[in-house]
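Colleague: I should like to learn how to read a ligand site and the setting of single residues in a model. Could we take them in turn?

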Amino acid sequence: MTNALLNHRLAAAKPSATYKIIDRVTELRSRGVKIISLCAGEPDFDTPQHIRHSAIQAIEKGHTRYTQVAGLRALREAIARKFARENGLSVSWDETIVSSGGKQVIFNALAATLNEGDEVIIPAPYWVSYPEIVQLCGGETHIILCGEDSGFKLTAQALARAIGPRTRWLILNSPSNPTGAVYSKRELDELAHVLLEHPQVMVLADDIYEHLIFDGQTFVTLVQAEPRLADRTLTMNGVSKAYAMTGWRIGFATGPRWLLEAMEKLQGQQTPGACSISQHAAIAALDGPKDFINESRKVFERRRDLMVELLNQAPGLTCSIPEGAFYAFANCNGLAGRKSPLGSDLNDDEAIAVALLEEANVAVVQGSAFGLPGYLRIAYALSDDALREACEAIKQFCQGCS
Ligand SMILES: Cc1ncc(COP(=O)(O)O)c(C=O)c1O
């Protein structure tokens with residue numbers, strides 16, 4: 001009955017598959033069960049002190065009013081400097097937009113451009129929100145499975161096969177949530193080569209994990225690789241992951257003016273504009289010292305090495321080496337079809353994730369939530385000790401499967 005009163009696209013939207021596990025974690029914890037949760041999509045560090053301080057100063061100075069819809073000019077100038085300094089993109093401050101998180105940037109870009117029947121190409125595994133946002137905005141998803149054999153990455157051949165007359169967008173996320181895969185300059189060149197033949201296709205480059213990239217690799221964004229795509233690429237980023245600022249809700253983008261203007265028009269009737277205090281904090285983040293970024297990269301790289309080593313010791317799991325972000329994407333096909341230590345049928349990755357939670361008290365998210373069954377996404381945004389403890393519990397669970 002209530003569903004009949006809802007907007008039909010919202011009624012059709014699935015609640016995030018990750019909530020099921022997270023709700024169960026909350027329930028178990030409320031009963032006093034000690035759970036190690038490896039589900040978090042955020043760094044476990046505090047926001048750096050100089051950024052917090054600038055927010056306090058913003059409050060004290062009375063910067064507590066509405067800002068321009070597209071963001072404070074001072075922040076947009078800092079964003080233009082960031083794009084020049086870190087991505088080699090030469091953009092003017094008025095070719096940027098600030099939103100309440102990267103998620104709002106993505107939502108507004110798709111809502112501003114999609115019409116019924118338009119298709120969005122999403123390489124899987126994908127961030128859980130992409131397909132839902134596309135569907136909420138009236139578009140249709142065209143999912144391309146990108147397996148472990150291609151490093152969980154979209155190849156030029158697969159892209160060329162997928163593009164059709166209804167394709168409106170391609171979403172590219174590097175480093176990737178959930179696999180940590182990173183596109184090299186050569187791989188971007190190959191994709192760009194295909195995209196140049198299809199001028200009707202826009203690209204959303206989701207660079208939110210840009211700074212969490214390991215093994216001395218250099219991050220390259222699509223427009224840097226192929227400047228001829230600048231007039232149809234929205235390059236999105238934010239402060240959430242790089243500066244441990246997930247709760248401050250600041251995301252931003254650069255792209256063609258017509259698109260930014262449409263997104264601003266939409267935003268003007270929504271939020272309208274991001275929190276003024278957070279915007280001042282984001283200026284301090286972007287213009288300030290970069291030691292925090294370097295330090296957190298080192299910490300995550302160390303944890304990545306630890307996780308890959310320990311997870312590969314668990315019989316039934318294999319884990320390739322993620323090149324960025326803070327997720328391991330472990331293949332759990334070796335456990336499928338077996339029984340858990342307490343006798344549950346491990347029919348698929350979801351059953352494995354549930355049994356790990358119920359029997360080993362470790363929470364992870366099944367790969368099928370991200371569009372690729374047979375895997376577990378394991379976030380390593382926790383202390384080394386907690387990660388060791390979690391991996392030991394996972395190993396014992398795997399050893400007990402029959
Ligand atoms: C791939 C990806 N893109 C975008 C976001 C959105 O980040 P925020 O809205 O915090 O800026 C997230 C958050 O988890 C993410 O994983």
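Modeller: We shall discuss the ligand and its surroundings, and then three individual residues. Please bear in mind that this is a predicted model.

Colleague: Which residues come nearest to the ligand?

Modeller: One begins by listing the residues around the ligand. Here there are 13 such residues, and Gly 102, Asp 206, Ser 240, Lys 241 and Arg 249 come nearest.

Colleague: How many residues of the shell around the ligand are nonpolar, polar and charged?

Modeller: The shell is sorted by residue class. Around this ligand it has four nonpolar, five polar and four charged residues.

Colleague: Which polar side-chain or backbone atoms lie at short range from an oxygen atom of the ligand?

Modeller: A polar contact is a pair of N or O atoms within 3.5 Å. A polar backbone atom of Gly 102 is 2.7 Å from a ligand oxygen. Two side chains also take part: an N or O atom of Asn 177 is 2.9 Å from an oxygen of the ligand, and a polar atom of Arg 249 lies 2.7 Å from a ligand oxygen. Taken alone, the ligand exposes 400 Å², of which the protein buries 93%.

Colleague: Where does the ligand sit?

Modeller: One compares the ligand's position with the pockets of the protein. This ligand sits in the largest pocket.

Colleague: Let us turn to single residues. Is Asn 237 buried or exposed?

Modeller: The reading rests on relative accessible area, and buried means under 20%. Asn 237 counts as buried because its relative accessibility is 2%. The residue is found in strand β7, which covers residues 233–238. A polar atom of the Asn 237 side chain lies 3.4 Å from the backbone oxygen of Asp 207.

Colleague: Where is Pro 289 placed, and what is its relative accessible area?

Modeller: Pro 289 is in the loop between α12 (276–287) and α13 (291–311). Its relative accessible area is 45%, so Pro 289 is partly exposed. Separation along the chain should be read beside separation in space. Pro 289 and His 50 are 239 residues apart along the chain, while their C-alpha atoms are separated by 8.9 Å.

Colleague: How far apart in space are Asn 115 and Gly 334?

Modeller: The C-alpha atoms of Asn 115 and Gly 334 are 43 Å apart, and the two residues are 219 positions apart in sequence. Asn 115 is found in the loop between α6 (102–113) and β3 (119–124). Because its relative accessible area is 52%, Asn 115 is exposed, the cut-off for that class being over 50%.

Technical notes. Residues are numbered from 1 along each chain as its sequence is written. This is a predicted model: local features need pLDDT of at least 70, side-chain atom pairs count only at pLDDT 80 or more; totals for chains, interfaces and linings use all residues. Side-chain values use heavy atoms; hydrogens and water are left out. A residue is near a molecule or strand if one of its heavy atoms lies within 4 Å of it. A polar contact is a pair of N or O atoms within 3.5 Å; within protein, one must be able to donate a hydrogen and the other to accept it, and residues adjacent in sequence count only if both atoms are side-chain atoms. Accessible areas come from the Shrake-Rupley method with a 1.4 Å probe; for residues, only the protein chains shown count as cover. On a 1 Å grid over the protein atoms alone, a cavity is a set of points where a 1.4 Å probe fits but cannot get out, and a pocket is an open set with protein on both sides within 12 Å along at least five of seven lines; lining residues have an atom within 4 Å of a point. A molecule sits in a cavity or pocket if more than half of its atoms lie within 2 Å of its grid points. Ala, Val, Leu, Ile, Met, Phe, Trp, Tyr, Cys and Pro count as nonpolar, Asp, Glu, Lys and Arg as charged, and the others, Gly among them, as polar. Helices (H or I, at least four residues) and strands (E, at least two) are DSSP runs, numbered from the N terminus. Buried means under 20% relative accessible area, exposed over 50%, partly exposed in between (1.4 Å probe, protein chains only).
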